[in-house]
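Two short exercises follow. Work each one with the model open, then check the solution.

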Amino acid sequence: MPRSWVFMVLVLCVIGLVTIYWGISSTLFEERIQSLSINQAVEYRRHAATSSFKHIRDFKSIANYRYSDFEITTIKPVYKVGDEVKIKVVIRDGYNRRKRYGGDYVRMWIKDVAKGSCANGIVTDNQNGTYTGIIKLLFEGKVKITVSLASPKETLDALYSNFNGKRISKIKARYRKNGIWEDTICGPEKHVREYGVVCNYTSNNYGFPWFCGRPSSEGLSCSDWKLTSSFFSELNYKDIYKKMFRYNRLHRHLRSKSNLEIIVSGEDSMVTREDNLAPCHALPPRLTWSSQYPSGHFLNWTWHVTHCRSTFQDTPKRWNECLKFRTMWLFGDSTTRQFLSYMIKYLDLQLVTERWTTQFWHQPSLARRELHNYSIFWGPHCFPFHNGKTWENLSALKATHSYIDEIPSRSRDIVVIHFYSHFMAYHPDLYRLHVRRTSQSVAELKKRAPDTLVFVKGYHAFYDQGAIIGRTDDIWGGIYDKIIEEEFTKLKDSVIFLNMWDMTVASENEMQHPNKTIIRAMVNYMMGFVKC
């Protein structure tokens, strides 16, 4: 057979295999969407139709920070506090060509390191490779402007391309009985890869879809699931995406065509004096959901809220007065556990539950202060919850909405809700399902106990630590906050949103678990809305 015919046959075979693969993947995806009972399939198809992972073939066509730049378009010799600085950003690819479409993640912020001052900026995507930034000057000093290409558009495309059976991190089930044990993989889909038969634990997971590979060992059944743990694995990205992650194209600063430092004077300030602002505890909750301006700024590493004045004094005495006869419920992941850890040390609280034996404690925890009769509780949410390499009992995990349903009528308790990093390995629809169910319980709570103070803690910025190729960092944050806003639309008048994004971008937070300075700022920011 001529070589040309052999080559043609091979090409046709490859095309056929690819077609079969996408057909199977599409079928599995449709079944997963149906199992989640969320009408988001249309939204995903819209994204997939325009997603670059279907047609990008050239690595150099991805946004490149080396050729991208920004410039200040409102030049002044000296700015006043309250002025707005406008910035034009141009994103170019590896060929030094301006991008012709939007979707790249651009951030900007200002800082005066000597004074512990910084603030986030607002970025608008013009959908043509250019971005318009506005930075409101909220403090005086010698201010440096930074603009960052946080991640190319293709980062999100790469993550979406791996939702069919692949995981950034995997949750394992350990079945054990009479000295026999076996580990299998779990997930929210009915089809768990590598397993022909699964165990359905949706009812055990408080109604949220959850399935694990059925053990094949004789003597073991679905009822023998005892422990859970997780591990990270490197995803099998296409070569173009491996390059993007390996060559560190994420969170890179852009060069400036203008002077990076500007002088900001406090004379004739255009900003309303903080003393003239309403107390934060009197601010209508709906205003906390607005993202038109940065929610605040750091000054001497103390967070100052833009639209209100915090009357909370950060002293143990004031803390005790504000929490007296109350319970603070912290729900979610390790970042809300950081709240509890901070308060245990700062307020000298006593753990009522088991003593922590590791920094990464995953068991529900309760701390009390008997003298002032208050408690602070942290409860990890249900699956998907990644415990790390340690094996944990299943009883440690409980749905946030189930906790909320148990809060009694006429309560004056404080409730803090947060979902984030544990959902990153899964399609955002799963995140939406958990937020939606939680919002329903919050609505019922506000009916039977209108004096409860409910906070929804937003996502925070952090960097990929680079330990695993393609392990995402904060790229899902904007998507998650949009989901939260949509699912809590009817509760904006009674639920307070804690914007942690502005705080953590401005402070250049790198860690998934922010440092003590940022955690302190977060909890004090929250307490400013508590009427003591």
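**Exercise 1.** Which side chain does a polar contact of 3.4 Å join to that of Glu392? Place Glu392 in its surroundings as well.

*Ground rules.* This is a predicted model: local features need pLDDT of at least 70, side-chain atom pairs count only at pLDDT 80 or more, and totals for chains, interfaces and linings use all residues. Residues are numbered from 1 along each chain as its sequence is written, and side-chain values use heavy atoms, with hydrogens and water left out.

*Solution.*
- Step 1. The partner is the side chain of His362, at 3.4 Å. A polar contact is a pair of N or O atoms within 3.5 Å; within protein, one must be able to donate a hydrogen and the other to accept it, and residues adjacent in sequence count only if both atoms are side-chain atoms.
- Step 2. The Glu392 side chain also makes a polar contact with the side chain of Thr390, at 3.4 Å.
- Step 3. Glu392 belongs to strand E23, residues 392–393. Strands (E, at least two residues) and helices (H or I, at least four) are DSSP runs, numbered from the N terminus.
- Step 4. Thr228 is 164 residues from Glu392 in sequence, yet their C-alpha atoms are 5.4 Å apart.

**Exercise 2.** Is Thr336 buried or exposed? Find what its side chain reaches.

*Solution.*
- Step 1. Thr336 sits in helix H6, residues 334–347.
- Step 2. Its relative accessible area is 0%, so Thr336 is buried. Buried means under 20%, exposed over 50%, partly exposed in between (1.4 Å probe, protein chains only).
- Step 3. The Thr336 side chain reaches the backbone oxygen of Asp333 at 2.8 Å.
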